[in-house]
Amino acid sequence: MLSKLCPKLYVDSLHDIQLSHLKDIGIKGIVFDIDNTVTMWGSNEISPITLKWLEDAKASGFSVCLLSNNRRTRIEDISRMLDIPSAKGFKPFSAAFRSALAVLGTSPEETAIIGDQIFTDILGGNRAGLYTILVQPVSTKEFVTTRLLRGLERIVLKRLACHGLLNRG
Ligand SMILES: [Mg+2]
């Protein structure tokens, strides 16, 4: 169980991820969580450094798509703003990841997911066979159930670190 909760890479934020590293390990498609990964929770604001990283990813030839558990209207707003398509479904369920792979046109081994939550982004991504990257949440503001899960996440991260399983990028 612990291994399914373990991200392949753990970084502070999106722009700490080296696109060249993803290329080197055969990644062709990237799935992005929205809230607290790309934007602040519930906000449409995206920092210039994040925007630049997303543009660089597109310019480098990666297929990209958004996958979020938030409301459809919000997902579509961000999708239009970034000019990045979105997949449907609820993480961590596998249908959501199948939808993302269909949008990207990549296989699980060629695909990375980047998100800030262990029990949705990382667990679902690992089960679907994707390369999972955990980022620190952009802000501390979040949905009430998410806040409750953060305590559990801290325990899991400590455990993973103790077992030497965390690959801190
Ligand atoms: Mg999130």
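**Notebook: helix 6 and its two pockets**

I began with the second largest pocket of this predicted model, where strand 5 and helix 6 each supply at least two residues of the lining. Helix 6 gives the most there, with four residues. I noted a volume of about 190 Å³ for this second largest pocket. Its lining has 13 residues, and Q136, P137, R150, E153 and L157 lie closest to the centre. By type, I sorted the lining into five nonpolar, three polar and five charged residues.

Next I turned to helix 6 itself. I checked its length: 19 residues (144–162) at 1.5 Å a residue should span 27 Å, and the end C-alpha atoms are 28 Å apart, which agrees. I also found a kink of about 30° centred on R150. Just past the helix I came to G164, with a positive phi near 65°.

Then I asked myself which residues of helix 6 are buried. My list reads T146, R150, E153, V156, L157 and L160. An α-helix has 3.6 residues a turn, so residues three or four places apart point the same way. Looking for what covers the buried residues of helix 6, I found strand 1 (9–11), helix 5 (118–128) and strand 5 (131–135) among the elements.

Last, I opened the largest pocket, with a volume of about 480 Å³. I noted 24 lining residues, with N69, N70, Q117, F143 and T146 nearest the centre. Helix 6 turned up again with the largest share of this lining, four residues, and helix 5 supplies at least two. My tally for the lining of the largest pocket is six nonpolar, nine polar and nine charged.

Methods: Residues are numbered from 1 along each chain as its sequence is written. This is a predicted model: local features need pLDDT of at least 70, side-chain atom pairs count only at pLDDT 80 or more; totals for chains, interfaces and linings use all residues. Side-chain values use heavy atoms; hydrogens and water are left out. The expected span of a helix is 1.5 Å times one less than its number of residues. The bend at a residue is the angle between axes fitted to the seven residues ending there and the seven starting there. Buried means under 20% relative accessible area, exposed over 50%, partly exposed in between (1.4 Å probe, protein chains only). Contact means heavy atoms within 4.5 Å. On a 1 Å grid over the protein atoms alone, a cavity is a set of points where a 1.4 Å probe fits but cannot get out, and a pocket is an open set with protein on both sides within 12 Å along at least five of seven lines; lining residues have an atom within 4 Å of a point. Grid points are joined across faces, edges and corners, and a volume is the space filled by probe spheres set on the points. Ala, Val, Leu, Ile, Met, Phe, Trp, Tyr, Cys and Pro count as nonpolar, Asp, Glu, Lys and Arg as charged, and the others, Gly among them, as polar.
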